[in-house]
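Thanks for sharing this one. Here are a few notes to read alongside the structure.

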Amino acid sequence: MKNNEWNRREFIVKPILWAGAARVIGKVESLLGNPVNESTNGAILQRTLGKTGITLPVVSMGVMNADIPGLLRRAYELGIRHFDTAAGYQQGRNEEMVGNVFKEMGVRDKVVISTKLPSRNFPSNPAESKKRFIEGVEASLKRLQMDHVDILYHHAVDSVEEARAEGPLAALQSLKKEGKTRFIGISTHKTVDVLSEAIRLNVFDVALVMLNYTMAHDTGILTTIERAANSGIGIVAMKTQAGGTVKPDPKLPKELPPASQTALLKWTLNHEFVTTAIPGFSTYEHLEQDFAVARSLSYTNEEERFLADKSFTAETEFCQQCGECRKDCPKEVDIPVLMRSHMYAVQYRNMGLARTTLASAVPGLDACTTCESCPVICRNTVQIARKIAELGVLSRSEMVQ
Ligand code: SF4
Ligand code: SF4
């Protein structure tokens, strides 16, 4: 009994007294009618994206795993208004698909389109880096067949140095000034460090951050995101379902029940400082299931039972990207990026994304070939050695196709 009480207190987020929305500057631009922050009659729940003033349904679409144009059309029909893509997804084909769909539908002015560009391999010279960034965004706009996007993110910024890098910052600000993007954002897996720097820099309108139930006890992450929201930065949540329906360990039963996905999405969205989430569904069934959450954030009994069962956090082995394990590797391999790549390959079944992510690890998997088995231990629940061994096998087979 005592244990149950503890579980219930820990996993169910009480509505948070959060005044951020009241401090939103400027007019509220709603794409669906009046903003709704509490859905009592089955209306689509909407929130305002920080200082952008845009109001969005709490469930958006992360397009990265989708390759069916009809899925985007159906998402729009259901009420989704924010679609998130990136220059690197499907080697640019993802942006092309987004562009084609909304051009054909003639609803460009009714949707919020975000895209993202990383700068990790750009020259260190700020002027050259700025030029490369602008060229990259021009190429994205061409693929999207748009003269502007609504949110342009500096993508996968995983250090404070990257966040404050002069070249990309100057590019983002100049692109905003020219009207090539309405708002600028930063996406990161290193929430505490990078988001704190973003607050200090005071130039970003939006932040795309990881938030899911496996982080429930990480007060550092939760308070940093809330602080960013209170500063006026609109918060978009990713990785909300901690890897989706598939468990990563081949020895475990693979599929999780549908209630697991809605429970996890609700958990994230029950933090009111999150404006919207971008689940990466790739089927019609998962689209309908995820979007149903936008009409009610109350947990069903089944969802409560799922969240109360702590085996999920251990079995899903979600890498929090804390980077603590890197210190234990003699070669300082970028283990967090390797773990992300494993999640994309095994749980998202998105080999393209897994491959490009793996290629961005420096030092990467090549450095691991001299170790018989990885001795590094995760501070959380990730079985690093097993995943590195599996990545080795994958990289020699499907991932290199
Ligand atoms: S396998 Fe070796 S090189 Fe690779 S992460 Fe582990 S300790 Fe580092
Ligand atoms: S594997 Fe573990 S220690 Fe390493 S970054 Fe991920 S959560 Fe942190």
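1. How do the residues of the shell around ligand 2 divide into nonpolar, polar and charged? The split is nine nonpolar, four polar and two charged. Please keep in mind throughout that this is a predicted model.

2. Staying with ligand 2, 15 residues surround this ligand. Cys319, Cys322, Cys325, Cys378 and Val382 are the closest of them. Among the elements that supply the shell, helix H13, spanning residues 335-347, gives the most, with three residues.

3. Next, a helix pair. Helix H7 (residues 191-201) packs with helix H8 (residues 219-230) at an angle of about 20°, and their axes are 9 Å apart. Angles under 35 degrees count as roughly parallel, and H7 and H8 are therefore roughly parallel to each other. The crossing in which H7 passes H8 is left-handed.

4. Which residues make that contact? From H7 come Thr191, Val192, Leu195, Ser196, Ala198 and Ile199, while H8 brings Gly220, Ile221, Thr224, Ile225, Arg227 and Ala228. Sorted by class, the contact of H7 with H8 holds seven nonpolar, four polar and one charged residues.

5. Finally, the sheet. Its three strands are ordered S1-S3-S2 in an open sheet with mixed pairing. Strand S1 (29-30) and strand S2 (46-48) are at the edges with a single partner strand each, so one side of each has no neighbour in the sheet.

6. A closer look at one pairing: S2 and strand S3 (residues 54-57) run antiparallel and are joined by three bridges. Here glutamine 46 is opposite proline 57 in S3.

Note on methods:
Residues are numbered from 1 along each chain as its sequence is written. Chains are lettered from A and ligands numbered from 1 in the order in which they are written. This is a predicted model: local features need pLDDT of at least 70, side-chain atom pairs count only at pLDDT 80 or more; totals for chains, interfaces and linings use all residues. A residue is near a molecule or strand if its C-beta atom, placed from the backbone, lies within 6 Å of it. Helices (H or I, at least four residues) and strands (E, at least two) are DSSP runs, numbered from the N terminus. Ala, Val, Leu, Ile, Met, Phe, Trp, Tyr, Cys and Pro count as nonpolar, Asp, Glu, Lys and Arg as charged, and the others, Gly among them, as polar. Axes are lines fitted to C-alpha atoms, for helices over the stretch in contact, and angles run from 0 to 180 degrees between N-to-C directions. Angles under 35 degrees count as roughly parallel, over 145 as roughly antiparallel, 65 to 115 as roughly perpendicular and the rest as oblique. A crossing is left-handed if the near helix is turned anticlockwise from the far one by less than a right angle, and right-handed if clockwise. Two residues are in contact if their C-beta atoms, placed from the backbone, lie within 7 Å. Two strands pair if DSSP finds at least two bridges between them.
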